[in-house]
Amino acid sequence: MERDTVADGTRGTDHGRATPATPAERGRMTARCASIAAAIALVDWVSKALIQRFMDPYQQVDVIGEYVRLTYIFNPGAAFGIHLGDASRLVFLLLSVTALVALVTMFHLTPAHNSRRLTAIALIVGGAVGNLLDRVRHAHGVVDFLDVGIGGVRWPVFNVADVAVTAGAVLLAMTLWRDDRSGEVG
């Protein structure tokens, strides 16, 4: 069989069909994605620890004028201010664990040559773990501190984990759309 080389770094194919990954390739990809997820969770944890050490709750510090600020808050809900009252912590803990189980399952079902999709999953997992650890540690919610906007028109305050989850979700949607169009399975 003839093996093609793919310019975008994905694994080769035999006459247009995806070839199964060797155990060594699968192991390398798993280690790479685990490293990405761990690095994101670590950066998220360190950034939140620094904010909590050097700022008081609700304190604001301008970084780039009023456009980029550090604003230390606890978010008891989810993205965009979604809040479920007293049940928020438990509901979002359970949803986070459920999402992580689904993502890990998706990771294992994704072919090792699909590095973009696996990287997207690693980004989401790293961010989800970062926010999950915060929900376990703090009864008040997740520490958010990145505040961007102009004057009173501001994006909801977020954190490093949120950036990773959003970037991973966009990348995952793009890869799923591309793979669907090309007919790739997995």
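**Close-ups of salt bridges, a helix and a surface patch**

Asp 44 is buried, at a relative accessible area of just 1%. That puts it under the 20% cut-off for counting as buried, and this is a predicted model.

**View A. Asp 44 pairs with Lys 48 in helix H1.** The closest N and O atoms of the two are 2.7 Å apart. Lys 48 is buried as well, with 1% relative accessibility. The partners sit 4 residues apart, so about one helical turn separates them.

**View B. Asp 134 meets Arg 137 in helix H3.** Here the N to O distance is 3.5 Å, and the two are 3 residues apart, again about one helical turn. Asp 134 is buried at 2% relative accessibility, while Arg 137 is partly exposed at 41%. Salt bridges with shared partners link Asp 44, Lys 48, Asp 134 and Arg 137 into one network.

**View C. Arg 117 forms a salt bridge with Asp 179.** Their closest N and O atoms are 2.6 Å apart. Arg 117 belongs to helix H3 and Asp 179 to helix H4 (residues 160–182), so this pair ties together parts 62 residues apart in sequence. Both ends are buried: Arg 117 has a relative accessible area of 3%, and Asp 179 has 2%.

**View D. Helix H3 covers residues 115–137.** From first C-alpha to last it reaches 33 Å, close to the 33 Å expected for its 23 residues. Of those, 18 are buried, so the rest of the structure largely encloses H3.

**View E. A nonpolar patch sits on the surface.** Leu 42, Trp 45, Val 46, Leu 50 and Phe 54 make up its roughly 520 Å². Leu 42 is found in helix H1 (residues 23–54).

Conventions. Residues numbered from 1 in each chain as written. Predicted model: local features only at pLDDT ≥ 70, side-chain atom pairs only at ≥ 80, totals over all residues. Heavy atoms only, no water. Expected span 1.5 Å × (residues − 1). Buried < 20%, exposed > 50% of the residue type's maximum accessible area, 1.4 Å probe, protein only. Patch = residues over 30% accessible without salt bridge, like charges linked within 9 Å, V, L, I, M, F, W, Y side chains within 5 Å. Areas by Shrake-Rupley, 256 points an atom, 1.4 Å probe, with all protein chains shown as cover. Salt bridge = Lys/Arg side-chain N within 4 Å of Asp/Glu carboxyl O.
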